[in-house]
Amino acid sequence: MDIKQALWNRFEKYVQINTQANSASTSLPSSEGQVLLAQILQKEVQELGIPNSILDQGYLYFEIPSTTKNNVPALGFLAHLDTSEDASGEKVKPKRHNHYAGGDIVISKEVILSPVHFPELIDYQGQDLVTANGDTLLGADNKAGIAIIMTLVELLQKNNWEHGPIKIAFTPDEEIGRGMDHFDVKKFGAEVAYTIDGDLVGFIENETFNADEVVIEIEGKSVHPGSAKNKMVNAGRVAADIISSWPETMMPESTEGHEGFIGFMNINGGIEKASIRGIVRDHDLLKLKTMEELMNSIIEEKKKKYPLAKINLIFKEQYRNMKEVIDQHPETMKKLIQAMESIGITPKIKPVRGGTDGSRLSFMGVPTPNIFVGGSNFHGRYEWVSLDGMQKSFETLVVLTKEWAKMPK
Ligand SMILES: [Zn+2]
């Protein structure tokens with residue numbers, strides 16, 4: 001089986017189906033195209049001789065039975081069906097750039113993919129890259145992951161090497177944060193899993209933010225401006241004062257890596273009422289709580305400064321760092337790192353500055369790090385993926401199926 005060709009054949013087919021998520025929709029999944037892709041995948045799964053797949057609310061689950069006598073953990077792989085709302089996913093035309101020579105890649109007249117702006121491209125010289133045609137995103141996020149998993153499924157069906165139960169799930173609406181809302185952990189049935197939803201070759205992610213929402217509500221006092229002295233409180237101005245009191249070094253626009261922040265995402269108000277909605281993010285839960293204490297002390301100070309105003313501050317938990325769960329199952333990362341090294345890739349562990357489906361799944365009891373697909377610039381017209389990189393991801397999964405079969409429960 002020519003793996004690179006098999007990956008391309010599937011990938012080319014999947015990206016042409018528009019599966020853009022739609023956050024304005026309340027249906028499940030949020031767009032029709034996701035159901036269509038799930039149905040196409042279910043048909044392929046049936047044609048590969050796997051009878052008992054389940055398609056439920058846009059989630060496709062299926063299993064490849066164990067071929068080992070040993071009682072080993074059920075190993076899961078996941079990818080998501082939808083694409084981002086940030087760029088069009090309609091009529092995607094994948095363009096193949098074989099044996100990338102190292103210079104600019106002309107995606108279209110206006111869209112030039114240049115190593116000057118994207119120096120990571122230099123590592124991909126000589127490889128076969130794929131982009132869209134300049135009008136749309138490509139959708140390698142996450143159809144590269146789907147193509148990698150489906151190619152693995154095909155190979156598992158054709159070759160009977162020793163592996164434990166392999167559980168696959170394709171999920172909808174990851175890009176709009178609903179990917180795990182209706183996920184059925186029992187139907188999935190994995191005890192340990194990996195999302196195939198990362199970017200450049202070698203990168204793995206086992207860490208997400210801890211995330212809270214912050215809501216500050218301010219009640220002012222409206223008095224005729226002509227006679228407002230010592231009587232009026234302008235809620236909007238109090239809101240502005242609160243925001244400008246927050247340290248500039250702890251905002252999204254000034255932080256990276258492991259640095260946390262409070263981001264003020266929505267600021268609304270007038271004299272009578274104002275509200276601030278924001279997000280609190282840090283990989284370290286203690287540091288997250290310390291930031292919240294700092295915000296609390298700023299609010300207390302403003303209450304003294306504006307005694308006629310009412311100020312209310314609340315924090316709501318959104319999600320937690322999956323590293324907490326993954327660290328309790330050290331084999332999950334150990335086997336992944338070994339698998340990558342065994343095929344000549346140096347693993348690079350990086351923290352996600354966000355959440356993943358894996359973080360919610362980890363807290364549902366299935367430790368789930370994230371593996372690269374071999375591409376970059378997701379969610380936009382500069383998106384690209386390397387077919388050679390996809391093959392490296394695929395090879396990592398092959399080794400993982402073998403390694404987990406050696407570990408009796
Ligand atoms: Zn993704």
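## Exercises on a predicted model

Let's start with a pair of strands: eight bridges join β12 to β13, and the two run antiparallel. Keep in mind that this is a predicted model.

### Exercise 1: Get to know β13

Task: work out which strands β13 pairs with, and whether β13 is largely enclosed or not.

Solution. Step one, take the β12 side. The link between β12 and β13 is a hairpin of three residues. For one rung of this ladder, look at Asn266, whose bridge partner in β13 is Arg277.

Step two, turn to β11. Here 10 bridges join β11 to β13, again with the strands running antiparallel. One pair to find is Glu219 with its bridge partner Lys273 in β13.

Step three, check the burial. Seven of the 10 residues of β13 are buried, so the rest of the structure largely encloses this strand.

### Exercise 2: Look under helix α5

Task: list the buried residues of α5 and say what covers them.

Solution. Step one, run along the helix, residues 235–245. The buried residues are Ala235, Val238, Ala239, Asp241, Ile242 and Ile243.

Step two, see what lies over them. The cover includes the strands from the last exercise, β11 (210–219), β12 (261–269) and β13 (273–282), along with α6 (285–305) and β14 (310–319).

Step three, go to the N-terminal end of α5. Asn234 caps it, with a side-chain oxygen 3.0 Å from the backbone nitrogen of Gly236.

### Exercise 3: Take apart the zinc site

Task: find the protein donors of the zinc ion and decide what to call their arrangement.

Solution. Step one, collect the donors. They are His80 through NE2, Asp141 through an OD atom, and Asp197 through OD, listed twice; the distances to the zinc ion are 1.9 to 2.6 Å.

Step two, look at the angles. A tetrahedral set of four would need all angles between 85 and 135 degrees. The four donor atoms here subtend 53 to 143° around the zinc ion, which makes the arrangement irregular.

Step three, place the donors in the chain. Their spacing in sequence reads H-x60-D-x55-D. Asp141 sits in helix α3 (residues 140–158) and Asp197 in strand β9 (residues 192–198), so this pair ties together parts that are 56 residues apart in sequence. Both aspartates, Asp141 and Asp197, are buried.

### Exercise 4: Follow β9 to its neighbours

Task: say how covered β9 is and which strands run parallel to it.

Solution. Step one, count the buried residues: seven of seven, so to speak a strand that is mostly covered.

Step two, find β3 (residues 75–80), which is joined to β9 by four bridges and runs parallel to it. In this pairing Leu78 stands opposite Thr195 of β9.

Step three, find β16 (residues 370–372), which is joined to β9 by two bridges and also runs parallel. Gly198 has Phe372 as its bridge partner in β16.

### Exercise 5: Order an open sheet

Task: give the strand order of the four-stranded open sheet and name its edge strands.

Solution. Step one, the order is β4-β7-β18-β17, with antiparallel pairing.

Step two, the edges are β4 (95–97) and β17 (375–376), since each pairs on one side only.

Step three, zoom in on β17, which two bridges join to β18 (residues 384–386). Ser376 has Trp384 of β18 as its bridge partner.

Step four, add the helix: α1 (residues 3–15) lies across β4, β7 (129–131) and β18, at about 155° to β4.

Definitions and conventions. Residues numbered from 1 in each chain as written. Predicted model: local features only at pLDDT ≥ 70, side-chain atom pairs only at ≥ 80, totals over all residues. Heavy atoms only, no water. Buried < 20%, exposed > 50% of the residue type's maximum accessible area, 1.4 Å probe, protein only. Contact = heavy atoms within 4.5 Å. Polar contact = N/O pair within 3.5 Å; in protein donor to acceptor, adjacent residues only side chain to side chain. Donors = N, O, S within 2.8 Å, 3.2 Å for Na, K, Ca; no water. Tetrahedral: all angles 85-135°; square planar, octahedral: opposite > 155°, others 65-115°. Pairing = 2+ DSSP bridges. Axes fitted to C-alpha atoms, helices over the stretch in contact; angles between N-to-C directions.
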